[in-house]
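I opened this model to look up a handful of residues, the nonpolar cores and the empty spaces, and I kept my notes in the order in which I looked.

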Amino acid sequence: MKNNGIKFGKYFKEYRLSNVMAMIKNNSKSPLICADDCKGKLVVITGATSGIGYAVARKFASKGADLICINRNKERSEALKHEIESVYKVKCDYILADFSSMDDTHQAAHRLLEIEKPIDIIIHNAGIYLTKRQITSNGIEKVFMVNYLSSFIMNDILKEKLKCQGKCRILLVNSEGHRFAAWGMRFDDLDWSKRRYSGLKSYGTAKLAELLAMLKFDEYFRGSGVTINAMHPGAVKTATGQDNGPLYKWFKKNVLDKTLNPVSVAAEAIYYLGVSEDLETCSGEFFNLTTLEEPAPPALDDENASVLWEISLKMGNLNE
């Protein structure tokens, strides 16, 4: 029978209450702090003009790193460049790209490919959350494209460059939300044309896809000095959801945001994961902030990871 990604029986047997309890416990922990500097390193950050990405850009710049930020908005990118360079005296370049656009994503990746200087750290932070289904001009569900396929495309295009460098850390700003795709991915319905659209499940599917692809990238990079890890940034206050309707925006502003932590918490965790010598060889792992954690069973399915890899190459217009 053809594998459509859903494996209820298999995953049901693999779920452990202890893992759920560990996740709940880890959610209340503070991130480990890395005091090391980052002088002379080149850090690429996607979605750096607001929220977690903005806090991360300031954190790395304050530690001496040069930045390349990939953002949608030119005016905000210019403002970020001016702020970072004037306050921290480091270099802050930017590339304009909308990650819901296949062409923009490819062009941004090839811009990075042309850079002669080695890239030390890549932080895939850009993401969206939608309550209504949207399809991109390339026929791809928008959350899947922005939250997963764009980072897959960039990593795939850059993978030979990074491997030849002999050193780089790739960080995926993922989410405990991958657990919303509790029984796996619907490979036969990634555009949600056969099911009722769910914002939580769509988001969970994209984050699950990112973790599955991480398994294959980790396999590819093994022994090269390049590492790839994913992390849940904690329950922090961001601008995610601005593309949704007034009801969601009101609920987020008046209910959700009042219970959330500042984005500086996530920035500290990402800095630790990107710089700490303790994680120099750590790869293929999932962290809740800086605490190592086992993701949900569907995220550990190597068979589905291989299926997704082939699907992603075709969806992303990548010739291999």
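**Entry 1, S77.** I began with the side chain of S77, which makes a polar contact with the side chain of N71 at 3.0 Å; the model is a predicted one, and I read this distance with that in mind. I placed S77 in helix α4, which covers residues 74-88. Is S77 buried or exposed? I count S77 as buried, because its relative accessibility is 1% and the cut-off for buried is under 20%. Setting aside residues up to four places away in sequence, I found that S77 touches T49, N71, Y94 and L96, so that N71 appears both in this list and as the polar partner.

**Entry 2, S283 and G284.** I then turned to the loop between α9 and β7, where I found S283 and also G284. S283 counts as buried because its relative accessibility is 19%, and G284 counts as buried because its value is 18%; I note that the cut-off is under 20%. Which backbone atom does the side chain of S283 reach? I traced this side chain to the backbone nitrogen of I228, at 3.1 Å. With residues up to four places away in sequence left out, S283 touches D218, V226, T227, I228 and N229, while G284 touches M214, D218, I228 and N229. For G284 I also looked up a C-alpha separation, and the entry for A230, 54 residues apart from G284 along the chain, is 7.6 Å.

**Entry 3, the nonpolar cores.** Next I looked at how the buried nonpolar residues group together. In soluble globular proteins, nonpolar side chains tend to be buried together. The largest nonpolar core here has 57 residues, and those with the most contacts inside it are I70, L112, Y148, F152, L162 and M185. I listed the elements that each supply at least two residues of this core, and they are β1 (42-46), β2 (66-71), α5 (102-113), α6 (142-165), β5 (168-173), α7 (199-221), β6 (226-232) and α10 (302-315). Which element gives the largest share of this core? I found that α6 does, with 12 residues. I then followed L112 on its own, and, leaving aside neighbours within four places in sequence, I found L112 in contact with V44, I68, I70, I95, I119, M154, L158 and K161. There is also a second, separate core of 36 residues, and I noted C38, I121, V173 and A269 as being among them.

**Entry 4, the largest cavity.** Rolling a probe the size of a water molecule over the atoms shows where empty space is left. I counted 3 cavities of 30 Å³ or more, and the largest cavity has a volume of about 60 Å³. Which residues line the largest cavity? I wrote down T46, F99, H124, N125, A126, V146, N147, S150, S151, M154 and E210. The largest share of this lining, 5 residues, comes from α6, the helix that also gives the largest share of the largest core. By type, I sorted the lining residues of this cavity into 4 nonpolar, 6 polar and 1 charged. I note that M154 belongs to this lining and is also in contact with L112.

**Entry 5, the second largest pocket.** I went on to the second largest pocket, which holds about 330 Å³ of space. This pocket is lined by 22 residues, and K167, C168, R169, G225 and E280 lie nearest its centre. I found that β5, β6 and α9 (264-275) each supply at least two residues of the lining, which I sorted into 5 nonpolar, 9 polar and 8 charged.

**Entry 6, two positive phi values.** Most residues other than glycine have a negative phi, and most peptide bonds are trans. I therefore noted K89, whose phi is near 60°, a positive value in a residue other than glycine, and W192, which has a positive phi of about 60° although it is not a glycine. I located K89 in the loop between α4 and β3 (92-96), and W192 in the loop between β5 and α7. K89 counts as exposed because its relative accessibility is 67%, whereas W192, at 4%, counts as buried.

Definitions and conventions. Residues numbered from 1 in each chain as written. Predicted model: local features only at pLDDT ≥ 70, side-chain atom pairs only at ≥ 80, totals over all residues. Heavy atoms only, no water. Core = buried A, V, L, I, M, F, W, Y, C linked by side-chain atoms within 4.5 Å. Buried < 20%, exposed > 50% of the residue type's maximum accessible area, 1.4 Å probe, protein only. Helix = DSSP H or I, 4+ residues; strand = E, 2+ residues; numbered from the N terminus. Contact = heavy atoms within 4.5 Å. 1 Å grid on protein atoms, 1.4 Å probe; cavity = no way out; pocket = protein on both sides within 12 Å on 5 of 7 lines; lining within 4 Å. Points joined across faces, edges and corners; volume = space filled by probe spheres on them. Nonpolar A, V, L, I, M, F, W, Y, C, P; charged D, E, K, R; others polar. Polar contact = N/O pair within 3.5 Å; in protein donor to acceptor, adjacent residues only side chain to side chain.
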